[in-house]
Amino acid sequence: SKRVAILTSGGDAPGMNACIRAVIIACQKANYTLIGYKHGYNGLLQQEYISLSLDSTHNLIQQGGTILHSARCEEFKTREGVFKAAKNLDKAEIDTLIVIGGDGSFRGAETLGEEWDGQILGIPGTIDNDIGGTDATIGYFTAIDTAMSSIDKVRDTADAFERIFLVEVMGRNAGFLALNAALSAAADYVVVPEFFESPDVEVTKIVSQIKAQRALKGPVSFIVVVAENVWPNGLNGLTEALQHHHINDVRPVTLGHVQRGGSPVAQDRLLATTLGEFAVSLVGSDITNIMVGEVNQRPVTVPLPKTWENAKPLNVARVDAMLTLMNERYNNV
Ligand code: ADP
């Protein structure tokens with residue numbers, strides 16, 4: 001019988017708990033022992049772990065966050081840290097380590113695989129969806145929903161005062177979350193790294209759209225969704241750039257960490273459950289140092305380096321056509 005360990009690492013995401021639940025149940029069925037390291041790789045270095053059994057699964061599927069807690073861990077980025085982790089895994093007689101996290105966590109897992117003989121399986125958990133080899137990551141769908149309803153609310157107040165709002169959406173260095181939130185909330189403009197030309201080009205487009213819209217309709221609200229880490233100096237930089245064009249009634253809103261929280265939507269629960277079950281089905285096989293993912297509704301295994309090597313293209317059907325619908329009041333008049 002196998003001994004399996006699981007941890008959650010890096011940015012937390014809704015659905016991590018649903019995935020832990022699936023792993024617990026699948027391990028129980030296979031008669032594997034399961035422990036959970038706490039606080040990401042820190043728990044592995046401090047030997048801080050709990051045993052996970054069916055007692056832990058009640059209501060877990062609907063809880064945001066992660067019961068194992070997550071963290072960053074500087075020590076694990078050092079050779080000594082990785083050696084220590086490998087030694088601790090051997091001490092705990094672990095056969096398989098399951099890491100739920102993002103690309104940083106997978107880089108760490110890959111390094112660990114160079115020092116440790118056991119089996120390592122990654123599961124993608126991040127709201128950013130910036131992981132190669134899988135169509136989606138656990139937490140992404142919930143975050144789109146959260147960002148979308150936040151933008152809906154901003155629209156209400158923007159309409160009331162006929163104001164311009166800039167809304168910053170998370171996503172690390174990828175535009176998945178910002179683009180999908182902007183499209184589903186019918187924002188007027190979206191700035192994402194994948195289409196970003198230069199601040200000058202973007203600001204010229206934004207200003208001309210605002211002016212055209214106002215020339216036709218008088219004062220109207222205008223919402224620009226901006227992915228984080230794109231605009232130099234963030235929303236302040238964009239606010240200043242607009243001021244240079246005499247557009248002064250601008251309000252910046254940074255959605256921030258609310259996007260990481262909340263009860264997972266069904267799609268994230270289903271992905272979490274599928275991937276958790278699939279990972280456990282690989283325990284004991286010679287497949288290792290991989291991430292499990294889903295492509296076209298089929299589970300796949302992806303060598304860990306492939307998860308961060310190539311930037312994944314925005315997987316939105318007909319992006320260009322969708323973008324023309326964003327500023328519909330301007331386009332239709
Ligand atoms: P995410 O997994 O969400 O991308 P981070 O990038 O913060 O989050 O990574 C989480 C943790 O993974 C880091 O705190 C560190 O312990 C480990 N890690 C990240 N990058 C590396 C690396 N290049 N080598 C070893 N460990 C890493």
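Start at Glu93, just after helix α3, where phi is positive at about 55°. This is a predicted model.

**Helix α3**

Step back and select residues 79–91, which form α3. The end C-alpha atoms of this helix are 18 Å apart, and that agrees with the 18 Å its 13 residues should span at 1.5 Å a residue. Now colour Gly81, Val82, Ala85 and Leu89, which are buried. They lie on the same side of α3, because they cover an arc of only 95° around the axis. Turn to the other side of α3: Arg79, Glu80, Asp90 and Lys91 are exposed there. Which elements do the buried residues of α3 pack against? Show α2 (41–46), β4 (96–101) and α4 to see them.

**The ligand and α4**

Follow α4 to the ligand. Select residues 103–115: this helix gives the most to the shell around the ligand, with six residues. The ligand is surrounded by 17 residues. Label the closest, which are Gly10, Arg72, Gly102, Gly104 and Gly108. Colour the shell by class and you get ten polar, four charged and three nonpolar residues.

**A buried turn at Asn129**

Go next to the loop between β5 (119–124) and α5, and pick Asn129. Its phi is positive, about 60°, although Asn129 is not a glycine. Is Asn129 buried or exposed? Asn129 is buried, because 28 other C-beta atoms lie within 10 Å.

**Helix α5**

Now select residues 140–161, helix α5. The helix has 22 residues and reaches 32 Å from its first C-alpha to its last, close to the 32 Å expected at 1.5 Å a residue. Its buried residues include Tyr140, Phe141, Thr142, Ala143, Ile144, Asp145, Thr146, Ala147 and Met148. Farther along the sequence, Ile151, Val154 and Ala158 are also among the buried residues of α5. What covers them? Display β6 (164–169), α6 (176–184), β8 (222–227), β9 (250–254) and α9 (266–282), which are among the covering elements.

**Out of α5 and into β6**

Move to Glu162, which follows α5 and has a positive phi near 50°. Then take Arg163, in the loop between α5 and β6. Arg163 counts as partly exposed, because it has 17 C-beta neighbours inside 10 Å. Leave aside the neighbours within four places in sequence, and Arg163 is in contact with Ala158, Ser221, Asp249 and Arg251. For a distance across the model, draw a line from the C-alpha of Arg163 to that of Ala321: the separation is 26 Å, for 158 residues along the chain.

Step on to Ile164, in strand β6. Ile164 is buried, with 24 other C-beta atoms within 10 Å. Beyond four places in sequence, the contacts of Ile164 are Ile210, Phe222, Ile247, Asp249 and Val250. Asp188 is 24 residues away from Ile164 in sequence, and their C-alpha atoms are 10.0 Å apart.

**Helix α7**

Ile210, a contact of Ile164, is also one of the buried residues of α7. Select residues 199–217 to show this helix. Its 19 residues reach 27 Å from first C-alpha to last, close to the 27 Å expected at 1.5 Å a residue. Colour the buried set: Glu202, Val203, Ile206, Ile210 and Gln213. These residues share the same side of α7, because their arc around the axis is only 105°. The face turned away from that buried side carries the exposed residues Asp200, Val201, Ser208, Ala215 and Leu216. Just after α7, stop at Gly218, where phi is positive at about 75°.

**The nonpolar core**

Next, bring up the largest nonpolar core, with 95 residues. In soluble globular proteins, nonpolar side chains tend to be buried together. Which members touch the most others? Pick out Cys19, Val23, Ala181, Val225 and Val226. Centre on Val226. Neighbours within four places in sequence aside, Val226 is in contact with Leu166, Val167, Glu168, Val191, Trp231, Leu235 and Leu238.

**Last stop: Asn289**

Finish in the loop between α9 and β10 (290–295), where Asn289 is found. Asn289 has a positive phi of about 55° although it is not a glycine. This residue counts as partly exposed, because it has 18 C-beta neighbours inside 10 Å.

Key
Residues are numbered from 1 along each chain as its sequence is written. This is a predicted model: local features need pLDDT of at least 70, side-chain atom pairs count only at pLDDT 80 or more; totals for chains, interfaces and linings use all residues. Helices (H or I, at least four residues) and strands (E, at least two) are DSSP runs, numbered from the N terminus. The expected span of a helix is 1.5 Å times one less than its number of residues. A residue is buried if 20 or more other C-beta atoms lie within 10 Å of its own, exposed if 12 or fewer, and partly exposed in between; C-beta atoms are placed from the backbone. The arc is that of the directions from the helix axis to the C-beta atoms. A residue is near a molecule or strand if its C-beta atom, placed from the backbone, lies within 6 Å of it. Ala, Val, Leu, Ile, Met, Phe, Trp, Tyr, Cys and Pro count as nonpolar, Asp, Glu, Lys and Arg as charged, and the others, Gly among them, as polar. A nonpolar core is a set of buried Ala, Val, Leu, Ile, Met, Phe, Trp, Tyr and Cys residues joined through C-beta atoms within 7 Å. Two residues are in contact if their C-beta atoms, placed from the backbone, lie within 7 Å.
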